[in-house]
Amino acid sequence: MTKWYQEAVIYCLEVASFQDSNGDGRGDLRGLISRLDYLARLGVTCLWLNPIHPSPGRDNGYDVSDYYEVDPKLGSLGDFAELTRRARERGIRILLDLVVNHTSDEHAWFASARSDPSSPYRDWYVWSAEEPPDRFQGTVFPGEQTETWTFDEQAAAWYFHRFYDFQPDLNWSNPAVRKEIGKIIGFWLQLGASGFRIDAAPFVIEQVSPGVDPGPQDFSIIDSWRQETQWQKGDSVLLCEANVAPSAVSAFTGSRPDGPSDRAQMMFDFLLNPRIWLALARTDAEPLIEALTTAVRLPAGAQWATFLRNHDELDLSRLTDEQRGDVFRAFAPRPDMRLYGRGIRRRLAPMLRGERRQIELAYALQFSLPGTPVIRYGEEIGMGEDLSLDGREAIRTPMQWDDGPNGGFSSAAKELLARPVAMSGKFGARKVNVRSQHRDPTSLLRWFENLVHTLRSAPEIGTGTASILDVPLPRSVLAHRFDAPSGSILLLHNLADTPVTVDIGPLKGALEAPYDLLVDGPYDKPTRRLTGLELHGWGYRWIRLSRSDLG
């Protein structure tokens with residue numbers, strides 16, 4: 001049975017950076033509601049919202065101070081309920097970030113915990129009376145973070161924080177913590193959420209104690225979330241952020257060997273993502289062929305979530321030094337474009353130098369890979385980054401709606417904006433914006449609309465079985481197919497900027513007259529022999545081989 005998330009297109013956005021409705025210089029839920037028709041026209045079926053809860057804002061909202069409220073700068077609980085209702089009317093679901101590995105140090109729970117050893121919340125966090133021997137181990141942000149245990153003067157004890165020191169980790173060994181987070185999950189499902197993106201999932205399930213790093217993992221936490229969400233809303237989804245080794249993947253999606261998924265239904269494909277970028281950097285399909293050939297087989301009902309860029313740096317830590325160097329040279333040649341020595345803090349369009357054909361190729365490739373595609377707001381128009389901003393803030397500038405003041409994002413005075421709008425330059429709002437691209441039938445935005453709608457007419461890509469074609473091909477060409485009860489599709493992508501011609505040969509199940517579904521330009525019609533198939537430089541062809549309702 002097909003699940004909705006297997007044929008979805010997920011759009012990730014920060015409410016604060018999307019649309020300001022009241023002129024205070026910050027995006028809000030009412031502003032997002034006003035743009036739902038735009039998102040529906042684009043064809044997305046699910047919105048993943050970065051954190052919307054009250055927060056001191058020291059880590060872009062990932063330091064939550066109240067899980068039961070909406071940040072008043074973004075709106076109200078009523079606004080959120082209205083958003084989910086209006087979105088559902090347009091066939092769009094809402095996923096929320098569930099950030100429960102840690103809280104803000106300004107959360108009432110932590111304020112109580114540090115104030116009194118006998119506080120009922122003391123054991124909601126991880127403490128040590130003595131300086132832990134692994135105090136400086138396991139940091140996530142090298143260069144920004146020096147320790148994972150910090151001494152708190154008020155508590156007269158050390159507390160654990162996998163991330164920044166203002167984000168104390170919750171103690172997931174405490175049943176009271178588990179029960180409370182279960183209530184929070186149910187609360188937002190009742191308000192209309194369709195599920196959650198689980199932030200830092202491997203760290204949530206880690207059982208931390210002084211001198212033990214990493215600690216043992218308790219997957220019963222995810223089991224309880226799956227049970228809670230399915231009981232509350234049968235079609236709800238858990239999407240895990242878990243950048244783990246291949247051998248660890250199945251533990252997050254299913255606990256029974258060869259059984260159906262009974263934990264998280266979705267996993268971000270951190271194994272495939274850096275291989276896409278390596279293949280693009282080398283103009284060589286081999287890294288992708290290897291990744292797809294050796295891909296972890298997920299249990300029935302589980303699904304990969306593919307992505308090219310997200311709200312964080314492009315993490316290349318799973319590549320070798322040589323491979324990482326190739327990607328850096330191609331897409332982040334300057335040190336200020338890199339982060340933590342492992343990643344890139346740029347958006348896709350400038351990484352590809354604004355080359356329209358290569359941008360199309362990259363996204364056509366992503367949308368053709370096994371899983372559900374996730375795109376970042378602004379990618380559909382080719383927005384750029386602002387490298388004058390610190391760290392990952394470079395890729396979090398406001399959405400560019402038009403070429404007017406503040407790019408149509410806000411009517412506030414420029415100096416009152418919570419984040420600066422990128423107005424000038426090749427990728428600024430004066431040249432890159434939604435309004436101008438809506439008017440241009442040849443624009444990237446209009447191409448993206450066609451890409452999304454083509455994918456939605458090709459359910460095999462989300463639900464079928466993928467296989468690499470074992471035929472002689474130029475090194476720059478990836479050729480694979482999907483087969484499902486609904487039919488079969490052949491997908492060809494040329495990662496180089498020089499044209500090629502490929503001979504596939506007759507394929508099982510092909511129609512007498514296969515036809516192109518998505519192409520980068522005019523080509524001769526494919527024949528059943530599938531020979532002499534031309535691909536332009538950075539070209540792509542999705543060819544319908546068969547469809548069940550066509551015989």
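**Exercise 1.** Which residues of the largest nonpolar core touch the most other members?

*Solution.* The structure is a predicted model, in which local features need pLDDT of at least 70 and side-chain atom pairs count only at pLDDT 80 or more, while totals for chains, interfaces and linings use all residues. Residues are numbered from 1 along each chain as its sequence is written, and side-chain values use heavy atoms, with hydrogens and water left out.

Step 1. A nonpolar core is a set of buried Ala, Val, Leu, Ile, Met, Phe, Trp, Tyr and Cys residues joined through side-chain atoms within 4.5 Å. Buried means under 20% relative accessible area, exposed over 50%, and partly exposed in between, with a 1.4 Å probe and protein chains only.

Step 2. The largest core has 131 residues, and Y11, L47, L49, F80 and W225 touch the most other members.

Step 3. Take F80 as a case. Contact means heavy atoms within 4.5 Å. Neighbours within four places in sequence aside, F80 is in contact with L29, L49, I52, V70, I94, L96, W188, L191 and A193.

**Exercise 2.** Describe the barrel and the place of helix α3 on it.

*Solution.* Step 1. Helices (H or I, at least four residues) and strands (E, at least two) are DSSP runs, numbered from the N terminus. Two strands pair if DSSP finds at least two bridges between them.

Step 2. The barrel is closed by eight strands in the order β1-β2-β3-β7-β8-β9-β10-β14, with parallel pairing. Neighbouring strands are turned by 25° against each other on average, direction ignored.

Step 3. Strand β1 (residues 10–13) pairs with β2 in the parallel sense over four bridges; I10 stands opposite C46 in β2.

Step 4. Helix α3 packs on this sheet and touches β2 and β3, and its direction makes about 140° with that of β3. Such angles run from 0 to 180 degrees between N-to-C directions, with axes fitted to C-alpha atoms, for helices over the stretch in contact.

**Exercise 3.** Compare the expected span of α3 with its end-to-end distance, then list its buried residues.

*Solution.* Step 1. The expected span of a helix is 1.5 Å times one less than its number of residues. Helix α3 (residues 77–89) has 13 residues and should therefore span 18 Å; its end C-alpha atoms are 19 Å apart, which agrees.

Step 2. D79, F80, E82, L83, T84 and A87 are buried in α3. These buried residues pack against α1 (29–34), α2 (36–42), β2 (46–49), β3 and α5.

Step 3. Just after the helix, G91 takes a positive phi of about 75°.

**Exercise 4.** Lay out the open sheet, then locate N494.

*Solution.* Step 1. Five strands form an open sheet in the order β15-β16-β17-β21-β19, with antiparallel pairing. Its edge strands, β15 (465–468) and β19 (515–519), each pair on one side only. The twist averages 25° from one strand to the next.

Step 2. Within this sheet, β17 (residues 487–494) and β21 (residues 540–547) pair in the antiparallel sense over seven bridges. H493 stands opposite Y540 in β21.

Step 3. N494 lies in strand β17. Is N494 buried or exposed? N494 counts as buried because its relative accessibility is 0%.

Step 4. A polar contact is a pair of N or O atoms within 3.5 Å; within protein, one must be able to donate a hydrogen and the other to accept it, and residues adjacent in sequence count only if both atoms are side-chain atoms. The N494 side chain reaches the backbone nitrogen of A496 at 3.2 Å and the backbone oxygen of H536 at 3.0 Å.
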